[in-house]
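Reader: Hi! I'm new to reading protein models and would love a close look at one part of this one. Could you walk me through it?

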Amino acid sequence: MGPAEVEAVWRIESARIVAALTRFTGDFGLAEEAAQEAVAEALVAWPLAAPDSPAGWLMATARRRAIDAIRRRAALKDRHALLAVDPVVNEDVDPDRIDDDILALMFISCHPVLSPEARVALTLRVVGGLSTEEIARAFLVSVPTVQARITRAKKTIAAAGVPFELPAAGERRDRLGGVLSVLYVIFTEGSTATSGDRLLRPDVAYEAIRLARTLAALQPDEPEVHGLLALCELTAARFPARTAPDGSAVLLEDQDRRRWDHSAIRRGLASLVKASSRGLGPYGLQAAIAAAHATAPSVEATDWDRIVVLYEALGRVAPSPVVELNRAVAVAMASGPAQALAIVDELVALDRLPGSHLLPTVRGELLVRLGRRSEARAELELAARLCPNQRERSVLLHKAAELE
Amino acid sequence: MPKYMLIMRGTDESNAAVRSGFEELAASTYKYIEDLVKAGVFVEAAGLDEPDQSVVVDFSGQTPVVTDGPYGETKELFGGYFLLDVASKQEAVEWAQRMPAVTGSKVEIRRVAGDDERPPETAEPAGTASESSGRG
């Protein structure tokens, strides 16, 4: 067995191992370290002798490392009495408990005491089983930065005395919002890289989908979990058509819809149905908008009126200038550019999206459609200056140049 | 993530074993699917109807010939499949090893080609191949 096999087993088992060890030791940071040590040992040992049960091997080794660490601590604190208790009692792990454990892990990784960056890193590491290197690569930060975030996060959690348990039912729904937003941050990072020269980092986006599916399996009665999953599936369905062979961006109107992932669309629509049991929340509404695009044969044949209504609803439950901007785009398609420009100009007047390239991008497009070419060019050039993604920037500059 | 199909292939013997221990296998398969769902990798799964209910369209002659029953020249029968969305082939293999299965059955793991992938152009067109085998 080589590193790839170790990695595959780890990816499948890591959350269960860390969860079971946290329950066993009561110490989240210790459990995570012990599990990492077990993987390091597996990378050395498995190529020489493959274990009969790789998952069992990892669990047993991680548990031994955890016990070692407890003994070391006990010795340090001169509390030898601890050793009298044989800690290896939870041989049989109750599968139902495991599910709760993994959910508890998700809630701990996305705990409100942590910064958003720390939540993302910890979730990918502890629940997703990604290595520090993979997280660093995904978010274009250095390995020491990720290490520091994770270490600090574990210390913060220990200092805050966060217990290893599911939050009470009343609290859970509030905290669930935090978990969903972390998964969505991970997904959006993968679906539109915030910086760098690549438009998509599909691995990151798919990891978010995998985590969202896991969450939906563990919390099947929460509509917004299905809403988030639907949104991710329906957005990811467009990935195959979103980049040209040279890596440049292909806009929605130019995408070859036959290349969309139709099984992902089916899965997304199925999740959307589950999300709409009690009216749609913010993620469900965004998923419904994505569904309107995914099921339309062309840009022209898209139900833009429905999309305008959905954006209006979204603007009520989760108001934001980006939602307003998107509503403007939909209004332009449904009723023409003049009405849309009024919405955009209001956003400009109120300075609601300072420094964002999106506002001048949309304003530029609307001015093009209104035939105000020189103003349009100035807007698109401004958008290009503000745009942090090189691929998107070249599309904007190309459009501006066409208006010469 | 790439999709992999885990194709279950049985023999007459293993299929008989499945029928005799069906309840138990169904329960463990249900548990297996639950694990796949909770790991976020499950896309879909299906079992196929009994092989003797199948119809074969044979292209070895000039015109397609339709006959009843399974294709006669293989002992291995395609009995069902799982479609998984996983990070790597190794992960698909790892899941396949955990599949509840009776002795004698096999699981074949094939990657599902993406929408933008085409078979290599050097491959012989299917029509030509069946024509030549028809004459031979």
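Over which residues of chain B does pLDDT stay under 50, and how many contacts beyond four places in sequence does the model have for them?

Author: Keep in mind that this is a predicted model, so confidence is a good place to begin. The stretch you're after is residues 122–136 of chain B, where pLDDT stays under 50. For that stretch the model has five contacts beyond four places in sequence. Helix H4 of chain B, residues 126–135, is where confidence in the chain is lowest, with a mean of 40.

Now let's put that stretch into its chain. Chain B has 136 residues, and 25% of them count as buried. Its secondary structure comes to four helices and six strands. Read from the N terminus, the order is β-α-α-β-β-β-β-α-β-α, so you can follow the elements along as you trace the chain. When you look at contacts in chain B between residues at least 6 apart in sequence, 78% of them join residues at least 24 apart. As for the outside, chain B exposes about 8800 Å², and carbon and sulfur atoms supply 54% of that area.

How does confidence look over the chain as a whole? The mean pLDDT of chain B is 79, and 79% of its residues reach 70 or more. For the complex, the predictor gives an ipTM of 0.80 and a pTM of 0.85.

At the other end of the confidence scale from H4(B) sits H3(B), which is highest in chain B at a mean of 94. Helix H3 covers residues 89–97 of chain B, and B:Glu91 is one of the residues in it. B:Glu91 counts as buried because its relative accessibility is 1%, and the cut-off for buried is under 20%. And what does B:Glu91 touch? Leaving out residues up to four places away in sequence, B:Glu91 touches B:Val41 and B:Val86 in chain B, plus A:Ala8, A:Arg11 and A:Ile12 in chain A.

While we're on helices, have a peek at H16 in chain A too. Helix H16 runs over residues 321–335 of chain A, 15 residues that reach 20 Å from first C-alpha to last, close to the expected 21 Å. Its buried residues include A:Val323, A:Leu325 and A:Arg327, and what covers the buried residues of H16(A) includes helices H15, H17 and H18 of chain A. At the start of H16(A), a side-chain oxygen of A:Ser320 comes to within 3.2 Å of the backbone nitrogen of A:Val322. Just after H16(A), A:Gly336 takes a positive phi of about 110°.

Definitions and conventions
Residues are numbered from 1 along each chain as its sequence is written. Chains are lettered from A and ligands numbered from 1 in the order in which they are written. This is a predicted model: local features need pLDDT of at least 70, side-chain atom pairs count only at pLDDT 80 or more; totals for chains, interfaces and linings use all residues. Side-chain values use heavy atoms; hydrogens and water are left out. Helices (H or I, at least four residues) and strands (E, at least two) are DSSP runs, numbered from the N terminus. Buried means under 20% relative accessible area, exposed over 50%, partly exposed in between (1.4 Å probe, protein chains only). Contact means heavy atoms within 4.5 Å. The expected span of a helix is 1.5 Å times one less than its number of residues. A polar contact is a pair of N or O atoms within 3.5 Å; within protein, one must be able to donate a hydrogen and the other to accept it, and residues adjacent in sequence count only if both atoms are side-chain atoms. pLDDT is the predictor's confidence in each residue, from 0 to 100. Accessible areas come from the Shrake-Rupley method with a 1.4 Å probe; for residues, only the protein chains shown count as cover.
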